[in-house]
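Student: Could you take me on a close look at one part of this model? I would like to follow it slowly and then see what lies around it.

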Amino acid sequence: MEKLTTLSERHETALAIIGMAGRFPGASDIASFWEHLVGGVKSIRFFSEEELLAAGVDPEQLKQPNYVRAGTVLENVENFDASFFGYSPREAQTMDPQHRLFLECAWEALESAAYTAETYEGLIGVFGGSALSTYMLYNLMPRPEIVQEVGLVQASISNDKDSLATAVSYKLNLKGPSFTIQTFCSTSLVAAHLACQSLLNYECDLALAGGVAISVPQIRGYTYE
């Protein structure tokens with residue numbers, strides 16, 4: 001028998017954030033990021049012309065008056081423990097760094113909360129989203145021989161925004177609801193909101209919520225519009 005819960009009854013149900021994980025420009029974890037916030041540290045980098053040319057930026061673009069030679073750089077995005085998560089080296093090579101990072105942080109968030117997917121018997125939901133895979137655009141599409149080695153389907157799954165949440169649920173063997181959220185800049189906030197709603201509706205016992213955005217190559221400015 002289903003139980004209908006009134007709005008007032010739902011408000012009496014307390015939710016708690018019991019674990020967190022994250023990577024940020026200039027801060028490799030939550031503690032470092034908090035120190036930056038408290039200290040007013042700015043993580044924007046200004047690139048030299050030599051750096052930008054070495055990264056492949058068009059020299060003519062650099063001459064444009066509205067080209068801004070600044071951006072953010074996330075360290076060690078190329079690192080990934082593929083075997084730990086059950087990926088072959090070739091699969092990992094064709095995997096969007098956004099997918100890798102989201103999976104790592106999902107594991108770390110559970111670890112931070114003192115839970116593991118292997119031993120927890122309840123339902124764990126996943127709610128998250130990512131930006132467009134520039135890794136696919138700039139690294140894989142110009143090199144079709146790499147895609148052919150793993151197959152177009154596998155390469156697509158490892159780079160498609162739609163597969164982000166369900167891939168995490170699959171790799172960590174999570175049995176709760178799994179939703180990929182796409183609302184542009186509000187994606188992480190909406191993911192957290194939907195995770196809370198899922199908990200209040202007893203669809204899961206724990207919920208992972210977050211977002212990821214990594215644009216590669218990272219040493220690159222942008223055209224002001």
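Tutor: Happy to! Let us start with a word we will need throughout: a residue is buried when its relative accessible area is under 20%, exposed when it is over 50%, and partly exposed in between, judged with a 1.4 Å probe and protein chains only. With a relative accessible area of 55%, methionine 141 is therefore exposed.

Before we go on, keep in mind that this is a predicted model, in which local features need pLDDT of at least 70, side-chain atom pairs count only at pLDDT 80 or more, and totals for chains, interfaces and linings use all residues. Residues are numbered from 1 along each chain as its sequence is written, and side-chain values use heavy atoms, leaving out hydrogens and water.

Now, where is methionine 141? Look in the loop between helix H7 (134-140) and helix H8 (144-150). These labels follow DSSP runs, numbered from the N terminus: helices are H or I with at least four residues, and strands are E with at least two. On the surface, Met141 joins Leu132, Leu137 and Tyr138 in a nonpolar patch, and together they have about 450 Å² of accessible area. Such areas come from the Shrake-Rupley method with a 1.4 Å probe, where for residues only the protein chains shown count as cover. Patch members have over 30% relative accessible area and no salt bridge; nonpolar side chains (Val, Leu, Ile, Met, Phe, Trp, Tyr) are joined within 5 Å, like charges within 9 Å.

Next comes the part I would like you to study most closely, strand S4. S4 covers residues 124-130, and seven of its seven residues are buried, so the strand is largely enclosed by the rest of the structure. Try following its side chains in the viewer. Ile124, Val126, Gly128 and Ser130 point one way, Gly125, Phe127 and Gly129 point the other way, and all of them are buried.

What sits beside S4? Strand S6 (residues 206-212) pairs with S4 in the parallel sense over seven bridges, while strand S5 (residues 178-180) runs parallel to S4 and is joined to it by three. Two strands count as paired if DSSP finds at least two bridges between them. You can find individual partners too. Valine 126 has serine 178 as its bridge partner in S5, and valine 126 also stands opposite leucine 208 in S6. Further along, glycine 129 stands opposite glycine 211 in S6.

Put together, these strands make an open sheet of three in the order S5-S4-S6, with parallel pairing. S5 and S6 are at the edges and have a single partner strand each, so one side of each is left without a neighbour in the sheet. Direction ignored, neighbouring strands of this sheet are turned by 10° against each other on average; the angles are taken between axes, which are lines fitted to C-alpha atoms, run from 0 to 180 degrees between N-to-C directions, and for helices use the stretch in contact.

For a contrast with S4, turn to helix H2 (residues 30-39). Of its 10 residues, one is buried, so H2 lies largely in the open. At the start of H2, a side-chain oxygen of aspartate 29 comes within 3.3 Å of the backbone nitrogen of alanine 31. Just after H2, glycine 40 takes a positive phi of about 65°.

Finally, let us look at charged pairs. The structure holds six salt bridges, each being a side-chain nitrogen of Lys or Arg within 4 Å of a carboxyl oxygen of Asp or Glu. In one of them, the side chains of arginine 23 and glutamate 108 meet at 2.7 Å, N to O. That pair links distant parts of the chain, 85 residues apart: arginine 23 is in the loop between helix H1 (7-11) and H2, and glutamate 108 is in helix H6 (residues 97-112). Arginine 23 is partly exposed at 24% relative accessibility, and glutamate 108 is partly exposed at 28%. Arg23 and Glu108 also belong to a network of salt bridges together with Glu104.

Another salt bridge joins the side chains of arginine 90 and glutamate 149, again at 2.7 Å, N to O. Arginine 90 lies in helix H5 (residues 89-93) and glutamate 149 in helix H8, so this pair ties together parts that are 59 residues apart in sequence. Arginine 90 is partly exposed at 29% relative accessibility, whereas glutamate 149, at 51%, counts as exposed.

Methods:
A polar contact is a pair of N or O atoms within 3.5 Å; within protein, one must be able to donate a hydrogen and the other to accept it, and residues adjacent in sequence count only if both atoms are side-chain atoms.
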